[in-house]
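Let's take a walk through a protein together. Have the sequence and the 3D view ready, and follow along at your own pace.

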Amino acid sequence: SRRHRNGGPCSPPSSPSKDENETAPVRDLPVRGHRHEHAQIHIDENDATIAAGLSSIKSELSRRPKEDRDAFDGAPPDLTGDRHRIMFLRCEKYDAARATNRMLRYWRRRLQYFEGVGRAYLPLTLDGALAGDDAALDVGFLTFLSETTTADGRRGVLYCDPGKLTPGRYSRESMVRCLWYIVESIVLADRPEVQRRGVVLLVHVGNVGFTNVDLPLFRMHMSAITGCLVRCFVAFLQFVASKNTLCHKYNSFRN
């Protein structure tokens, strides 16, 4: 009889776990969805879908403890309205519980990285929440390359060059705010497909030296991106001939 390469008898492959296969089961979603070829769920979004999702988030918020909602409740209403909530629904495939968790975590970390309500509750603009972060912005270690079409939709492509980092010229919190601004205000804003399908982060490690390494900052960056803002697929590149060719190098990282 046929045998596995490990030597055991051949048997049908086991079903992938929930975490490997999907964000949430279709049966638990209040709307219709479908899987593309890589088994990621995508939601057929329409007015009814959005209305149901927003209603579910409102119900979820009413059930959360006050201490979990404090950062969110303190934000100005124009920063936490329907447009803001839909971004999290799209990211979590309209699973309202997970979308609410992500949104509340977003505001807790925004308070942390923007160093209090005086900055965190300002609009995410260069003369608002980013005022005074010029030194970190001028480093230019993160660039939005394009919005690129895949077989199942569109994803944003970001290019990151940690070799440009020079710890000591700026605070870590300032650099995280710059990343936050680029991802939310430039990449995700007015791009529903990218909000749903996420971004590909191409990290060029070929220029990185010991003076550029800042592991706590890297952890803060990933906490902000994947923990709060958007699903992110990371590729590490040793050599880059031209930034103009990078958009074609992410296809093996599709999910």
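**A walk through the pockets and the core**

We'll start with the empty space: the largest pocket has a volume of about 400 Å³. Keep in mind as you look around that this is a predicted model. How do you find a gap like this in the first place? Rolling a probe the size of a water molecule over the atoms shows where empty space is left.

So what lines the largest pocket? There are 18 residues around it, and those nearest its centre are Leu79, Arg83, His84, Glu184 and Ala189. Three helices, α4 (82-91), α5 (96-113) and α8 (172-188), each put at least two residues into this lining. Among the contributors, α4 gives the most, with four residues. As for chemistry, the lining is a mix of eight nonpolar, five polar and five charged residues.

Now swing over to the second largest pocket, which holds about 310 Å³ of space. It is lined by 19 residues, and Pro162, Leu165, Val203, Asp214 and Phe218 sit closest to its centre. Here a strand and a helix, β5 (199-204) and α10 (215-229), each supply at least two lining residues. The largest share, six residues, comes from α10. Which kinds of residue line this second largest pocket? The split is 16 nonpolar, two polar and one charged.

Let's step back and look at the whole chain. You can pick out ten helices and six strands. Of the 255 residues, 47% are buried. Try following the chain with your eye, too: among contacts with a separation of 6 or more, 71% join residues that are 24 or more positions apart.

Next, head for the inside. The largest nonpolar core has 59 residues, and Trp107, Leu158 and Trp180 touch the most other members. The biggest share of this core, ten residues, comes from α8. Apart from it lies another core of five residues, including Val157, Val200, Phe233 and Ala235.

It's worth pausing at tryptophan 180. Which residues does it touch, once we skip its neighbours within four places in sequence? Its contacts are Tyr106, Arg109, Arg110, Tyr113, Phe114, Leu124, Ser185, Ala224, Cys228 and Leu229.

Now find arginine 177, which is in helix α8. Is it buried or exposed? Its relative accessibility is 2%, so arginine 177 counts as buried, the cut-off being under 20%. What does its side chain do in there? It makes a polar contact with the side chain of glutamate 115, at 2.9 Å. Not counting residues up to four places away in sequence, arginine 177 touches Tyr113, Phe114, Glu115, Arg119, Ala129, Leu130, Asp133 and Ser171.

Our last stop is methionine 103, in helix α5. This residue counts as buried because its relative accessibility is 0%. Leaving out its neighbours within four places in sequence, methionine 103 is in contact with Ile57, Leu61, Phe72, His84, Arg85 and Phe88. You've already met one of those: His84 is among the residues nearest the centre of the largest pocket. For a sense of scale, look across to leucine 89, which is 14 residues from methionine 103 along the chain; their C-alpha atoms are separated by 9.1 Å.

Technical notes:
Residues numbered from 1 in each chain as written. Predicted model: local features only at pLDDT ≥ 70, side-chain atom pairs only at ≥ 80, totals over all residues. Heavy atoms only, no water. 1 Å grid on protein atoms, 1.4 Å probe; cavity = no way out; pocket = protein on both sides within 12 Å on 5 of 7 lines; lining within 4 Å. Points joined across faces, edges and corners; volume = space filled by probe spheres on them. Nonpolar A, V, L, I, M, F, W, Y, C, P; charged D, E, K, R; others polar. Buried < 20%, exposed > 50% of the residue type's maximum accessible area, 1.4 Å probe, protein only. Polar contact = N/O pair within 3.5 Å; in protein donor to acceptor, adjacent residues only side chain to side chain. Contact = heavy atoms within 4.5 Å. Core = buried A, V, L, I, M, F, W, Y, C linked by side-chain atoms within 4.5 Å.
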